[in-house]
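User: Please take a close look at one part of this model, the open sheet in chain A. I would like the strand order, the edges and the pairing at each edge.

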Amino acid sequence: MAIEIKDLCHTYSRGSAFAKKALNQVNLTIDSGSFVGLIGHTGSGKSTLVQHLNVLLRPESGQILIDGEDINADKARLKAIRTKVGLVFQYPEHQLFDMTVYKDVSFGPKNAGLEEDEIKERVEAALTLVGIAPELWEKSPFELSGGQKRRVAIAGVLAMRPEILVLDEPAAGLDPRGRNEILDQIKQMHETLKITVILVSHSMEDIARLVERILVISHGEIVLSGAPAEIFAQIEALEALGLSSTQTAYIMRDLQAKGMSLPDNIFTVEDAVAAILRALK
Amino acid sequence: MLKVTIGQYYPAESFIHRLDPRMKLLCTLLFIVFIFFITNFLGYIAAAIYLALIVRTSTVPPRFLLRGLRAIFFIIIFTAVLNIFFTAGETIVLQLGGFRITQEGLLNAGRMALRLIMLIIGSSILTLTTTPIQLTDAIEYALKPLKKIRVPAHEIAMMMTIALRFIPTLMEEMDKIMKAQMARGADFDTGGLIKKARSLVPLLVPLFISAFRRAEDLALAMESRCYRGDVGRTRMKKMKMAGRDYAALGVLLLLIAAIFALNYVAGVFGIW
C-alpha cells in the first residue's frame with residue numbers, strides 16, 4: 001500500500017492572530033511495505049504530518065492518497081481509513097482507560113464493529129506480538145510497569161490490524177532496555193506482518209539501526225530524503241537543521257581525521273566495530 | 001495546538017489595567033451595590049457617563065463588552081418581560097385581555113434592564129483588565145478577615161490559582177487523548193444521549209488519571225520547596241496601593257455622591 005502526499009499544507013488557527021504554518025507544500029511518496037523514519041526537531045511539523053495520515057487533521061490544501069484513494073474525499077470512509085492507518089501517539093499509555101488490559105486492547109476492534117471471535121483472536125494476537133504474557137491480560141492496565149503499559153497501548157492499535165503503522169516517538173521516556181525491546185518488536189512486526197511502518201523519532205541511533213529510508217522535516221518541509229547512509233553522511237546539512245548525525249558517525253569522522261583508514265558511510269555501532277577491527281588488523 | 005484564553009483578560013497597558021486588583025474588586029462591588037440605589041433616570045445617566053469613561057480609559061474595545069452582554073441577553077429580556085406584566089400600577093398604557101401593561105411596569109422593566117446591563121459591563125471591565133491570577137490575589141485579600149473564623153483564605157486562593165493554571169494544560173491533554181481514541185475508531189459525535197455519554201468514558205478516565213498524576217507531581221514539587229501554606233509566606237509581587245488607586249476610589253465616591261444628590265433632586269421635583 002503506497003502513500004502519496006501531494007502539495008500538503010496545514011496552518012493551525014487559520015485566520016486568527018495565532019495562525020501558524022505547520023506544513024508547507026509537502027510532497028512525498030512512501031512505498032508499501034517500507035520502513036521509513038521521520039526525523040525533525042520539536043515543532044518541525046512531524047506530528048502534524050502524521051496526524052494527516054489518518055484524517056485527525058484535514059489538509060488546508062493538497063491531497064493525501066493511500067492506495068490511490070483520496071482519504072479526505074469521503075467522510076463515510078473515515079472509519080475504514082483509520083483502521084487502515086494505525087497511529088500510535090507519543091506516550092500512548094496515557095490513553096489507557098479500561099478495567100482490564102484485554103478490554104482496553106479490544107476497544108479499537110469493537111469500534112470497528114467486528115465479531116466477538118474475531119475481536120478475541122485479534123486482541124490475543126496483538127498482545128502476544130508485543131510480548132504481554134496471558135497472565136497479565138485480566139489485570140488492570142494501571143497496575144503494569146511503564147514499558148508494559150506502553151506495549152499494551154501499542155497492542156491497542158495493532159489489534160485494528162492496520163496496513164500502515166505510524167509510531168510517534170514510541171521509545172520516548174523508556175529505559176535503554178525497554179527502548180530496545182520496543183524498537184526490536186516494531187522491527188519484527190514490520191518483517192512478519194509485512195506492514196508499512198513510519199517511525200517518528202529524533203533519536204538518530206534508533207533510526208539508523210531500523211529504517212530503510214529517512215525523511216528529514218524542518219519548518220514544515222521535507223528537506224532531505226534518502227537511505228540512512230546518504231542522510232547520515234550529510235553531517236553539516238543535518239547540523240544546519242539543528243539535528244545531528246549518529247554518535248558513531250562522529251566517532252568515525254574523528255578517527256579518520258586522526259589518520260585511521262576507515263570506510264565512509266558507517267553509522268551503526270555494529271558496523272563501526274567491524275570496521276575498526278578490520279582497520280586494526 | 002489549542003489556544004485557550006482563560007477568563008477574558010484583554011492585555012493592554014491602561015490606567016485601569018495598572019490599578020491594584022484589590023481596589024478594582026472593591027470599586028466593582030461598590031458600583032454594583034450603588035446602581036441599585038438609583039431611583040431616577042438622572043442617576044442612570046450619571047452612572048452611564050461614569051462607565052463610559054472607565055471603558056474609554058481601559059482601552060478595551062467595546063465589542064469585548066458586548067460579547068459579555070450577549071451571553072445574558074435572554075436574562076435581560078426575561079426580567080424585562082416579567083417586570084412589564086407583573087408590576088402593579090395605576091396608569092394603564094395597554095390592556096391585553098387579563099394582562100395590563102402599566103406605566104410603572106414599563107419603568108420598572110427599563111430600570112431593571114439598565115441595572116443588569118451596567119452590572120455586566122462593570123464586572124466585565126474588572127475581568128477584562130485583571131488577569132485571573134491578580135484576581136485570585138485580590139480575592140484572597142478580601143477573604144482575609146474570614147480567617148478569624150477559620151476560612152482557609154490562602155488555600156482557597158491557591159487552589160483557584162492552580163485550577164486556572166491547569167485549564168490550558170488539561171485542554172491540550174484532552175485534545176491529545178481525544179485524537180488517540182479517535183485513531184482507535186472512537187466516535188464522539190454520533191449516537192443518542194446514552195451512547196454519547198458512554199463514548200466519553202475513554203476520554204474522561206485517562207484525563208482524570210492524568211489530572212491526578214499532575215496533582216501528585218505538583219504537590220511533591222511544592223513540598224520539596226518547603227511549601228507549607230499560608231504561614232510565613234511572602235509574595236513575589238507585592239500588591240501595593242498607589243495614588244492612582246485612591247484617585248479611582250475618589251472618582252467612584254463622587255459618582256455615589258452624585259447618585260444620592262440626584263435621588264434627592266428627583267424626589268423634590270418628582271422626576272422618575
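Analyst: What follows goes through the sheet from one edge to the other. The model is a predicted one.

Start with the overall layout. Chain A holds an open sheet of 6 strands, and its pairing is mixed. Read across, the order is S6-S7-S8-S3-S9-S10. Strand S6 (85-88) and strand S10 (221-226) of chain A each have a single partner strand, so they stand at the edges, and one side of each is left without a neighbour in the sheet. From one strand to the next, the twist averages 20°.

Now the S6 edge. The partner of S6(A) here is strand S7 of chain A, residues 164-168. The two run parallel and are joined by 4 bridges. Within this pairing, Leu87(A) lies opposite Val166(A) of S7(A).

The other edge is built in the antiparallel sense. Strand S9 of chain A, residues 213-218, pairs with S10(A) over 5 bridges. One bridge links Ser218(A) to Glu221(A), the latter in S10(A). S9(A) and S10(A) form a hairpin, with 2 residues between them. His219(A) sits in that turn and has a positive phi of about 45°.

Put the two edges side by side. S6(A) pairs parallel with S7(A), whereas S10(A) pairs antiparallel with S9(A). Strands of a sheet pair through backbone hydrogen bonds in either sense, parallel or antiparallel. Both senses appear in this sheet, as its mixed pairing says.

How values were computed
Residues numbered from 1 in each chain as written. Chains lettered and ligands numbered in written order. Predicted model: local features only at pLDDT ≥ 70, side-chain atom pairs only at ≥ 80, totals over all residues. Pairing = 2+ DSSP bridges. Axes fitted to C-alpha atoms, helices over the stretch in contact; angles between N-to-C directions.
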